[in-house]
Amino acid sequence: MPTPDRRPSSPAKQPVSGRRPSKQPSSEGRPSRKPSSKGRPSRKPLLFALVVALAAGLLGLVSYRATAPDEPASDTPAAATATGPDPGVQEELAELARRDAGDKLAQGRTDAPVVLIEYADFQCGYCGKFARDTEPELIKRYVDDGTLRIEWRNFPIFGEASEAAARASWAAGRQDRFWAFHRAAYAEGAKEKGFGKDRLRALARQAGVKDLDRFTRDTDSAAATEAVRADQEQAYGIGATSTPSFLINGRPLAGAQPTAVFTQAIEDAAAEEANVGSAGDPAK
């Protein structure tokens, strides 16, 4: 098994997973939650350095072979799914959840007890596998009942076409069609057709984007570039080196693992939150 790549000190100049990365980029029924810092790095630089080191090690346990877009998925859960970071580090990673009601690239209650953050690339075959085979089941089982919130982060690492698709997904989100665009872009055989301008416009039309001229302007805007760059830097900041990479309430999980791995991780996280929430309740 090949050795997984690690985040270089300058991600814009080093290969990631064998490729060169881009140059830049209260609801009722739940306890109230303090908003996070919109996905910014930790307020404590020294602790965040520890977050980077531990998360890089955990996410790096899944090799490029396990997440390469052109190779079949492993049926064996990665070691990263069985081990969590130190509780303090996990808390720092969990704070990357934005829980922003206006986030166009998220779905689920802002006060859901579990937040799954996905760092993904539209040209990544395994990201497509997760989107088609696993995510719909998670939405049906956990998002719809208020347990889970899913927050997307654009993490284009496979070049200019990936960056263009990332910006286009953000632009579709400006018209509340991100998830429809996401489904269209990850449909079976979609990535083989490429992500040129005409193709992205066709995907937007397929996704139900009404104002296609606005979509094109938004795709090419500085705001789109900045939004994608911020997501990408957050991914590099936690040590992610391949796609898809996930955080589930701060616990790293890498690769398109079997659905059972995700359901177990979500249920474990929900149980932990329930225990924390009831810690101050009087004994019965």
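Helices and strands here are DSSP runs, at least four residues (H or I) for a helix and at least two (E) for a strand, numbered from the N terminus. The legends below use those numbers. The model shown is predicted.

**View 1. A cis peptide bond between Thr243 and Pro244.**
Pro244 is found in the loop between α9 and β4. A cis peptide bond joins this proline to Thr243. Its omega is about -5°. Most peptide bonds are trans.

**View 2. The hairpin of β4 and β5.**
Strand β4 covers residues 245-248. Strand β5 covers residues 251-254. The two pair in the antiparallel sense, over 4 bridges. Look across the pair: Phe246 stands opposite Leu253 in β5. Between the strands of this hairpin there are 2 residues. Asn249 is in the loop between β4 and β5. What is the sign of phi at Asn249? Phi is positive, about 50°, although Asn249 is not a glycine. Most residues other than glycine have a negative phi. Is Asn249 buried or exposed? Asn249 has 14% relative accessibility, and buried means under 20%, so Asn249 counts as buried.

**View 3. An open sheet of 5 strands.**
In what order do the strands lie? The order is β1-β3-β2-β4-β5, and the pairing is mixed. The edge strands are β1 (106-107) and β5. Each of these edge strands pairs on one side only. Now find the β1 edge. There β1 pairs with strand β3 (residues 148-154) in the antiparallel sense. This pairing has 2 bridges. One residue to look for is Ala106, whose bridge partner in β3 is Glu151. In a regular strand the side chains alternate between the two faces of the sheet.

**View 4. Helix α9 across two strands of the sheet.**
Helix α9 covers residues 222-237. This helix lies across β2 (114-120) and β3. What angle does α9 make with β3? The helix runs at about 105° to that strand.

**View 5. Arg99 in the loop between α3 and β1.**
Helix α3 spans 87-94, and Arg99 sits in the loop between this helix and β1. Arg99 is not a glycine, yet phi here is positive, about 50°. How accessible is Arg99, and does it count as buried or exposed? Its relative accessibility is 17%, so Arg99 counts as buried.

**View 6. Ala270 in helix α10, and its contacts.**
Helix α10 covers residues 259-277, and Ala270 is part of it. Which residues does Ala270 touch, leaving aside neighbours within four places in sequence? Ala270 is in contact with Val114 and Thr147. Compare the chain with the fold. Ala270 and Leu148 are 122 residues apart along the chain. In space, their C-alpha atoms are separated by 8.5 Å.

**View 7. Helix α6 against helix α7.**
Helix α6 covers residues 178-185, and helix α7 covers residues 197-206. They pack at an angle of about 120°, with axes 8 Å apart. That angle makes α6 oblique to α7. Their crossing is right-handed. Which residues meet? From α6 come Phe181, Ala184 and Ala185. From α7 come Leu200, Leu203, Ala204 and Gln206. Sorted by class, this contact has 6 nonpolar residues, 1 polar residue and no charged residues.

**View 8. Helix α7 against helix α8.**
Helix α8 covers residues 212-219. It packs with α7 at an angle of about 130°, and the axes are 10 Å apart. That makes α7 oblique to α8. Here α7 passes α8 in a right-handed crossing. On the α7 side, find Leu200, Arg201, Ala204 and Arg205. They meet Leu212, Asp213, Phe215 and Thr216 in α8. How many charged residues does the contact have? It has 3, along with 4 nonpolar residues and 1 polar residue.

**View 9. Gln175 in the loop between α5 and α6.**
Helix α5 spans 160-174, and Gln175 lies in the loop between this helix and α6. At 15% relative accessibility, Gln175 counts as buried. What does Gln175 touch, leaving aside its neighbours within four places in sequence? Its contacts are Val209, Lys210, Asp211, Arg214 and Phe215. Phe215 also appears in View 8, in the contact of α8 with α7.

Methods. Residues numbered from 1 in each chain as written. Predicted model: local features only at pLDDT ≥ 70, side-chain atom pairs only at ≥ 80, totals over all residues. Heavy atoms only, no water. Axes fitted to C-alpha atoms, helices over the stretch in contact; angles between N-to-C directions. Parallel < 35°, antiparallel > 145°, perpendicular 65-115°, else oblique. Left-handed = near helix turned anticlockwise from the far one by under 90°. Contact = heavy atoms within 4.5 Å. Nonpolar A, V, L, I, M, F, W, Y, C, P; charged D, E, K, R; others polar. Pairing = 2+ DSSP bridges. Buried < 20%, exposed > 50% of the residue type's maximum accessible area, 1.4 Å probe, protein only.
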